[in-house]
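Here is my notebook from a session with this structure, written up for a colleague at the bench. I kept the entries short and in the order that made sense to me.

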Amino acid sequence: MEILFSSKLKKDGKTLQILLLCTECRGELEVMTTAANVRFRCRKHGELGSLSPAQFADGVRQAREKASQQYGLGKPVSMKIGPRDPTIQ
């Protein structure tokens with residue numbers, strides 16, 4: 001299973017949002033979490049699979065590091081994963 005982590009920086013230059021997208025259609029994924037796993041579902045393609053919390057945390061860590069390099073922030077950034085913010089273009 002592959003998940004696309006897409007990052008967007010707000011115009012204020014301080015707020016970063018990470019989107020979890022389907023690799024095939026680029027649609028935003030629905031995420032369901034339990035203590036045992038993190039499940040991902042695409043509205044178009046259905047259930048994509050699940051990861052352990054440790055695997056998901058590792059993916060988030062890698063996305064943070066990549067985003068901080070991409071935007072020249074110099075260090076891993078704090079971030080919040082949530083639904084798409086319509087104010088970010």
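**Entry 1: Arg26 and its backbone**

I began at Arg26, which sits in the loop between strand E2 (16-22) and E3. I should say at once that this is a predicted model. I looked up the backbone angle there and found phi of Arg26 near 65°, a positive value in a residue other than glycine. I noted it because most residues other than glycine have a negative phi.

**Entry 2: the overall layout**

Next I stepped back to the whole chain. I counted one helix and five strands in the secondary structure. Reading from the N terminus, I wrote the order down as β-β-β-β-β-α.

I then checked burial and found that 26% of the 89 residues count as buried. For the accessible surface I have about 6,100 Å², with 48% of it belonging to carbon and sulfur atoms. I also looked at contacts with a separation of 6 or more, and residues 24 or more positions apart account for 31% of them.

**Entry 3: the E4-E5 hairpin**

How do E4 and E5 pair, parallel or antiparallel? I found the antiparallel sense, over five bridges. The two strands are joined by a hairpin through three residues. While there I looked across from Phe40 and found Gly49 in E5 standing opposite.

**Entry 4: the nonpolar core**

Which residues make up the largest nonpolar core? I listed nine in all: Ile3, Leu20, Cys22, Leu29, Val38, Phe40, Cys42, Phe56 and Val60. The elements that give two or more residues to this core are E2, E4 and H1. E4 gives the most, with three residues. So Phe40, which I had just met opposite Gly49, turned up again as a member of this core.

**Entry 5: the cysteines**

Two cysteines in that core list, Cys22 and Cys42, sent me looking for disulfides. How many does the structure hold? The search came back with zero.

I wanted to know why, and I looked at the sulfur distances. The closest cysteine sulfur to that of Cys22 is in Cys25, at 3.9 Å, which is too far for a bond. For the sulfur of Cys25 the closest partner is in Cys42, at 3.6 Å, again too far for a bond. The cut-off I needed here is 2.5 Å between the sulfur atoms.

I noted the accessibility of two of them as well. Cys22 is buried, with a relative accessible area of 3%, whereas Cys25 is partly exposed at 30%.

**Entry 6: salt bridges, starting with Glu30**

I turned to charged side chains, as those of opposite charge can pair when their charged atoms come close. Searching the whole structure gave me five salt bridges.

I looked at Glu30 and Arg43, which form a salt bridge with their closest N and O atoms 3.0 Å apart. This pair links distant parts of the chain, 13 residues apart. Glu30 is in strand E3 (residues 30-33), and Arg43 is in the loop between strand E4 (38-42) and strand E5 (46-51).

Is Arg43 buried or exposed? I read 67% relative accessibility, which counts as exposed. Glu30 is partly exposed, with a relative accessible area of 26%. I also found that Glu30 and Arg43 belong to a network of salt bridges that includes Arg41.

**Entry 7: Arg61 on the helix**

My last stop was Arg61, where I found two partners to write down. With Asp58, Arg61 forms a salt bridge whose closest N and O atoms are 2.6 Å apart. With Glu65, Arg61 forms a salt bridge at 3.0 Å between the closest N and O atoms.

Where do these residues lie? Arg61 and Asp58 both lie in helix H1 (residues 53-70), three residues apart, about one turn of the helix. Glu65 lies in H1 too, four residues from Arg61, and that is also about one turn.

I finished with their accessibility. Arg61 is partly exposed, with a relative accessible area of 38%. Asp58 counts as partly exposed at 32%, and Glu65 counts as partly exposed at 33%.

Notes
Residues are numbered from 1 along each chain as its sequence is written. This is a predicted model: local features need pLDDT of at least 70, side-chain atom pairs count only at pLDDT 80 or more; totals for chains, interfaces and linings use all residues. Side-chain values use heavy atoms; hydrogens and water are left out. A salt bridge is a side-chain nitrogen of Lys or Arg within 4 Å of a carboxyl oxygen of Asp or Glu. Buried means under 20% relative accessible area, exposed over 50%, partly exposed in between (1.4 Å probe, protein chains only). A nonpolar core is a set of buried Ala, Val, Leu, Ile, Met, Phe, Trp, Tyr and Cys residues joined through side-chain atoms within 4.5 Å. Contact means heavy atoms within 4.5 Å. Accessible areas come from the Shrake-Rupley method with a 1.4 Å probe; for residues, only the protein chains shown count as cover. Two strands pair if DSSP finds at least two bridges between them.
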